[in-house]
Amino acid sequence: MTVHLDSLDEAVDFILQHTPQTLRMGAPLGIGKPHRLINALYARLEQDPTRPWFLYTALSLDPPRAHAGLEARFLGPFAARHFGDDFPRLAYVQAMKRDALPAHVEIEEFYMQSGALLGSSQAQRHYASLNYTHVARALGERGLNLIVQKVAREPDGRRLSLSCNNDLTQDAVDAVLARGLPRPLLVAEVDPQLPWLGGTAAVEEDYFDAVLTPPGPYPMLFGLPRQPVSDPEYAIGLYASALVRDGGTLQIGIGALADALSHALVLRHTDNVAYREVLAALDPGLERHPAVIESGGLGPFAIGLYGCSEMVNEGFKRLVETGVIRRKVVDDELLMQRIADGTANLGDHARLQRDGEYLHGAFYLGSPDFYEWLRHLPDDERRAIGMRRIGSVNQLYGGHESLERLQRRDARFFNSAMMMTALGAAVSDGLEDGRVVSGVGGQYNFVAMAHALEDARSALLFRAVRETGGKPQSNVRWNYGHTTIPRHLRDLCISEYGIADLRGRNDEDCVIAMTGITDARFQAGLLEEAQRNLKLRRGFVPPAQWNDNTPAHLTASLRRFRHDGTLPDYPLGSDFTEVEQRLVKALSWLKGRTGTPLAKLGVVLRALSVGGGAGDAEAMERMGLAKPDGMRAWVEARLLALGLRETLR
């Protein structure tokens with residue numbers, strides 16, 4: 001019988017009374033993690049070494065903390081507004097960042113907030129490198145005895161929804177039971193802020209042993225701030241959009257590259273003339289690229305796409321709103337087969353429209369606007385979004401493979417990488433010294449699935465250049481001491497300079513294709529390395545058009561479309577005010593030019609010599625620098641004025 005609780009202390013008492021002395025707890029990734037309950041449990045156990053606590057989770061979200069100076073002036077007010085002053089930071093994360101977890105508490109994550117824990121020994125030592133689809137099995141092996149999770153309550157009903165995290169809970173319970181172990185204690189925390197989603201995300205209340213409904217006020221859900229999209233990111237998104245086949249299946253990741261891809265797909269569908277103009281300016285020969293031809297052209301979406309992605313995010317919101325995502329599927333193999341071979345009757349089509357779903361995901365994460373959209377979806381649109389187990393979304397095997405093959409026709413899986421090698425391996429989650437930046441998550445799953453589905457393709461998106469210590473470095477490496485995706489799974493790679501089709505190609509062809517999407521400043525060194533290692537013939541002559549692979553040429557190609565609003569800075573909306581958007585540009589410009597002490601000194605001297613008077617009184621007021629108080633504030637005002645002037649359009 002389900003126990004109903006209304007206080008955090010009661011919930012902690014219940015957990016400690018009904019679990020073994022050694023607590024082996026699972027908690028969802030992202031916003032499904034009940035921060036207040038976990039903090040209450042940590043506060044109780046932190047000083048009690050007789051109760052060892054192992055927490056297995058991922059993506060422990062922590063709002064950013066600003067450093068001193070201009071960053072703090074900008075981020076302080078924004079964070080208070082965007083995350084809320086009462087956002088419950090996870091106590092174990094704060095301890096882990098200082099390597100201050102007590103000896104009897106161990107946190108094991110299989111995916112980290114990107115770059116947030118590079119300096120934590122405790123986090124790095126206890127990171128578990130797992131494909132997303134293997135996590136439930138690992139939890140079973142660890143003898144999980146408790147799962148805590150945020151849930152939504154059905155409006156005017158008794159059921160609960162796993163809502164944002166239908167990914168692992170049920171699979172983990174099954175994995176524990178399959179090992180002959182007792183069913184874990186399941187404790188739900190009801191959050192009125194969490195959107196209700198039904199279908200396979202809904203469970204009866206008695207699925208949980210205890211349901212906690214703590215008193216309000218309820219903190220805001222963690223919202224990912226939407227970032228501006230740069231010229232390189234737009235170019236990558238535009239190239240990627242040309243590979244999507246009408247009537248196909250779409251998976252995308254998160255961040256500015258996903259935002260750019262989503263905007264490009266919307267532009268392709270809603271203003272195809274402008275879309276083709278942008279593509280022609282970016283790459284006049286793109287329509288003739290074999291991978292684009294294979295995907296069936298660049299027209300709007302007459303049939304629409306079916307979304308099947310481990311994460312439902314901001315991009316999918318826009319794709320649904322504009323009708324790009326609308327191809328429905330049902331879990332009926334015979335009906336899907338009739339749809340595929342053209343023998344479906346009117347009744348089949350009516351059922352598909354009535355019962356079908358056009359978007360499947362395992363968890364969701366986005367901005368406050370995204371959560372508001374989910375809360376207020378009309379019932380027919382809400383029913384068309386199905387939250388599924390990760391074992392269903394991220395792989396073909398072990399479930400209903402023949403059905404999923406019919407549903408996932410013409411699939412395009414788009415994921416991001418930090419670096420690529422010239423031979424087609426991807427570096428997406430870690431550094432060559434072994435430290436983990438984020439995690440493999442589902443990337444390997446989707447790359448492997450692209451090879452398993454006959455008409456699917458995997459595309460890895462990456463920026464050709466990064467700034468390190470104020471100097472540009474190529475993200476196309478000859479070799480690197482860590483890889484996430486091995487080169488034998490190479491497929492499509494996309495940088496701001498084009499598309500490299502590596503599937504089935506020999507090593508020399510891969511080297512040539514990858515160099516063709518490398519920044520011109522680094523091509524010669526890459527070719528020399530390939531020749532030195534016997535992977536490229538000595539007589540190879542680079543095509544003349546490779547010389548156009550420069551930031552200046554790219555910016556010139558897209559300038560008109562950036563200025564006329566075709567390619568806006570924030571294609572999916574912004575969490576920043578108009579003043580803050582100007583400040584983001586100025587602060588980014590300053591950050592990019594102060595990466596070394598010498599470079600920083602040069603910028604400071606330039607700011608002091610040029611003087612103030614940026615002409616943006618609103619920006620100065622927002623940063624508390626309208627009337628600088630003291631020498632430090634005066635220098636900061638001069639720096640900000642310089643950044644604002646340099647980024648005015």
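# Exercises on a predicted model

In this structure, the side chain of Lys33 is in polar contact with the side chain of Thr57, at 3.3 Å. The model is a predicted one, and the exercises below start from this lysine before they turn to strands, salt bridges, a serine and the whole chain.

## Exercise 1: The surroundings of Lys33

Find where Lys33 lies, and decide whether or not it has a salt bridge.

Solution. Begin with the position: Lys33 belongs to the loop that runs between strand E2 (23-26) and helix H2 (35-45). Next, look for a partner of opposite charge, keeping in mind that side chains of opposite charge can pair when their charged atoms come close. For Lys33, the nearest side chain of opposite charge is that of Glu109, at 5.5 Å. A salt bridge requires a side-chain nitrogen of Lys or Arg within 4 Å of a carboxyl oxygen of Asp or Glu, and Lys33, although buried, has no salt bridge. Then turn to its polar partners: besides the side chain of Thr57 at 3.3 Å, the lysine side chain reaches the backbone oxygen of Pro28 at 2.8 Å. Finally, setting aside residues up to four places away in sequence, list what Lys33 touches; among these residues are Ala27, Ile38, Leu59, Leu90, Tyr92 and Lys150.

## Exercise 2: Strand E4 and its partner

Work out how strand E3 and strand E4 are joined, and explain why E4 counts as largely enclosed.

Solution. First consider the pairing in general terms: strands of a sheet pair through backbone hydrogen bonds, either parallel or antiparallel. Here strand E3 (residues 53-57) runs parallel to E4, and five bridges join the two. As an example of one such position, Leu55 has Ile107 in E4 as its bridge partner. Now count the buried residues of E4, which covers residues 105-109: four of the five are buried, and therefore the strand is largely enclosed by the rest of the structure.

## Exercise 3: A small open sheet

Give the order of the strands in the open sheet that contains E15, and name its edge strands.

Solution. The sheet has three strands in the order E16-E15-E20, and its pairing is mixed. Strand E16 (426-427) and E20 are the edge strands, since each of them pairs on one side only. Between strand E15 (residues 419-421) and E16 there are two bridges, in the antiparallel sense. Within this pair, Met420 stands opposite Ala426 of E16.

## Exercise 4: Salt bridges across the chain

For each of three salt bridges, state which parts of the chain are linked and whether the residues are buried or partly exposed.

Solution. The chain has 50 salt bridges by the rule used here. Take first the pair of Glu233 and Arg463, whose side chains meet at 2.8 Å, N to O. This pair links distant parts of the chain, with Glu233 in helix H8 (residues 231-241) and Arg463 in the loop between strand E17 (457-461) and strand E18 (465-468), 230 residues apart. To classify them, use the limits of under 20% for buried and over 50% for exposed, with partly exposed in between. Glu233 has a relative accessible area of 9%, so it is buried, while Arg463, at 31%, is partly exposed.

The second pair is Arg487 and Asp507, whose closest N and O atoms are 2.9 Å apart. Arg487 sits in the loop between strand E20 (476-477) and strand E21 (492-495), and Asp507 is in helix H20 (residues 507-515). Arg487 is partly exposed at 37%, whereas Asp507 is buried at 16%.

The third pair is Asp491 and Arg503, in a salt bridge of 2.8 Å, N to O. Asp491 is buried at 3%, and Arg503 is partly exposed at 24%. Both belong to a network of salt bridges that also includes Glu294, Arg457, Asp501 and Arg505.

## Exercise 5: Ser557

Locate Ser557 and describe what it meets.

Solution. Ser557 has its place in helix H22 (residues 551-563), and with 14% relative accessibility it is buried. Its side chain reaches the backbone oxygen of His553 at 2.9 Å. Leaving out neighbours within four places in sequence, Ser557 is in contact with Ala281 and Leu282.

## Exercise 6: The chain as a whole

Decide how the radius of gyration of the chain agrees with that of a compact globule.

Solution. For 649 residues, a compact globule would have a radius of gyration near 26 Å, and the chain has 26 Å, so the two agree. The C-alpha atoms fill a box of roughly 75 × 70 × 50 Å along the principal axes, and 57% of the residues are buried. The chain comprises 26 helices and 22 strands.

Conventions. Residues are numbered from 1 along each chain as its sequence is written. This is a predicted model: local features need pLDDT of at least 70, side-chain atom pairs count only at pLDDT 80 or more; totals for chains, interfaces and linings use all residues. Side-chain values use heavy atoms; hydrogens and water are left out. Buried means under 20% relative accessible area, exposed over 50%, partly exposed in between (1.4 Å probe, protein chains only). Lys and Arg count as positive and Asp and Glu as negative; His and the chain ends are not counted. A polar contact is a pair of N or O atoms within 3.5 Å; within protein, one must be able to donate a hydrogen and the other to accept it, and residues adjacent in sequence count only if both atoms are side-chain atoms. Contact means heavy atoms within 4.5 Å. Two strands pair if DSSP finds at least two bridges between them. The radius of gyration is taken over C-alpha atoms; the globule rule is 2.2 Å times the number of residues to the power 0.38.
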